[in-house]
Amino acid sequence: MAVSGRQTGRPTLEEVAARAGVGRGTVSRVINGSPRVSEQAKAAVERAVAELGYVPNRAARALAGSRTDAVALVIPETEARLFAEPYFLDIIRGVSSELADADKQLLLTLVRSEQERQRFEQYLAAQRVDGVLLVSVHASDPLPDQVRALGLPAVLNGRRTEDECVAFVDSDNTGAGRTAVAHLASRGRRAVATITGPLDMYVARCRLDGYREGLAEAGLAADDGLVATGDFTEEGGRRAMRQLLDRRPDLDAVFAASDVMAAGARGVLREAGRRVPEDVALVGVDDSAVARHMDPPLTSVRQPIEEMGRTMARLLLQEIAEPSEPDEQPRRILPTELVVRASS
């Protein structure tokens, strides 16, 4: 059979699982000596291993106590965006602190092009890391599935779709949008606009869904003229805010799907002579340093970003030690909360 473009006669973990009539995760547990396997399944796996002559590289390394003790954190963004946005830095901080406690090395990788993605896949195929964490993944990104196909555990920050098949840690993004609109409506705002993230990202669609749910619960009519698409950058927030003012100059509130976009919107409102919050109330998401340092300070829906990073790392370490079945991938959704400041 072919693996990563090379020919090899070595049987695969999937072939052992098929011969034994169990899932891939069960085979991994047996090979790694986990007690979380029935005697019947253990006997079937051991029989299949013997019949096929299966000795996988990763399992052999694990049994020999010679894992790489390294984890890759993959962010498909440029260096400029990585260091400009507090979100990524907080995720890195949470991941690195958890891995340091476990005495694991963190490999930070930026994947900015198809060529870099292919190079990274080759790196993974060489078995130089024990698992992969992925941040800021778009709906069409094949990398999570490619990582899993290589037999490596993976955990996502967020999800690609509602039916995500890879382990993930997310926050209550729909609740974030709903909470923001409820707050603005409670302050008497009636023409509430939103600046979304890129709509090929599930997180952006969830925050937009929450915005619409919040409007309905407050008895406010939905209006496509009050929705502008951004890209989670400050410049994207500026562009979207200009569009909103052109379309609906009567708007009196804006829910921006990130603090960074809210900062861009704030600049445009100031240029247009709109006072915050007197003329236009403003709410963001993340409760980052950006929110605290804006003028006026920004009301924001806090998501526990560092804790998300720590949770991702913990789940990955668990998956490295004892892989889950494909249909039992761990999922965590962390709560959000509104932090009210002077902008609303």
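1. Starting with the overall picture: of the 344 residues in the protein chain, 55% are buried. Keep in mind that this is a predicted model. The chain carries 14 helices and 14 strands, and its C-alpha atoms fill a box of roughly 75 × 35 × 35 Å along the principal axes. As for contacts between residues at least 6 apart in sequence, 70% of them join residues at least 24 apart.

2. On to the packing. The largest nonpolar core has 45 residues, and the members that touch the most others are Ile195, Tyr211, Met241, Leu251, Val254 and Leu282. Helices α9 (173-186), α10 (202-217), α11 (234-247) and α12 (259-271) each put at least two residues into this core, and so do strands β8 (192-196), β9 (227-229), β10 (253-256) and β11 (281-286). The largest share is that of α12, with 6 residues. There is also a second, separate core of 25 residues, with Tyr87, Ile92, Leu110 and Met312 among them.

3. Leu251 deserves a look of its own. Leaving aside residues up to four places away in sequence, Leu251 touches Ala191, Ala193, Leu226, Met241, Leu244, Leu245, Arg274, Asp279 and Val280. Met241 also appears in the list of core residues that touch the most other members.

4. Pro249 sits in the loop between α11 and β10. Is Pro249 buried or exposed? Neither label fits, because its relative accessible area is 46%, which makes it partly exposed. Beyond residues up to four places away in sequence, Pro249 touches Leu244 and Arg274, both of which are also on the contact list of Leu251. Pro249 lies 58 residues from Ala191 in sequence, yet the two C-alpha atoms are 9.9 Å apart in space.

5. Now the cysteines. How many disulfides does the structure hold? The count is 0. For Cys165 the reason is distance: the closest cysteine sulfur, in Cys206, is 16 Å away, so a bond is out of reach. Seen from the other end, Cys206 is in no disulfide, and its nearest cysteine sulfur is that of Cys165. Their surroundings are worth noting too: Cys165 is partly exposed at 40% relative accessible area, whereas Cys206 has 5% relative accessibility and therefore counts as buried.

6. Cys206 also turns up among the contacts of Thr174, a residue of helix α9. Why does Thr174 count as buried? Because its relative accessibility is 18%, and the cut-off for buried is under 20%. Apart from residues up to four places away in sequence, Thr174 touches Cys206, Asp209, Gly210 and Glu213.

7. Last, the second largest pocket, with a volume of about 190 Å³. Its lining comprises 14 residues, and those nearest the centre are Asp90, Asp286, Asp287, Gln303 and Ile305. By type, the lining divides into 8 charged, 4 nonpolar and 2 polar residues. Which helix gives the most to this lining? That is α14, with 4 residues. Helices α6 (86-101), α13 (289-293) and α14 (305-321) each supply at least two residues of the lining.

Key. Residues are numbered from 1 along each chain as its sequence is written. This is a predicted model: local features need pLDDT of at least 70, side-chain atom pairs count only at pLDDT 80 or more; totals for chains, interfaces and linings use all residues. Side-chain values use heavy atoms; hydrogens and water are left out. On a 1 Å grid over the protein atoms alone, a cavity is a set of points where a 1.4 Å probe fits but cannot get out, and a pocket is an open set with protein on both sides within 12 Å along at least five of seven lines; lining residues have an atom within 4 Å of a point. Grid points are joined across faces, edges and corners, and a volume is the space filled by probe spheres set on the points. Ala, Val, Leu, Ile, Met, Phe, Trp, Tyr, Cys and Pro count as nonpolar, Asp, Glu, Lys and Arg as charged, and the others, Gly among them, as polar. A nonpolar core is a set of buried Ala, Val, Leu, Ile, Met, Phe, Trp, Tyr and Cys residues joined through side-chain atoms within 4.5 Å. Buried means under 20% relative accessible area, exposed over 50%, partly exposed in between (1.4 Å probe, protein chains only). Contact means heavy atoms within 4.5 Å. A disulfide is a pair of cysteine sulfur atoms within 2.5 Å.
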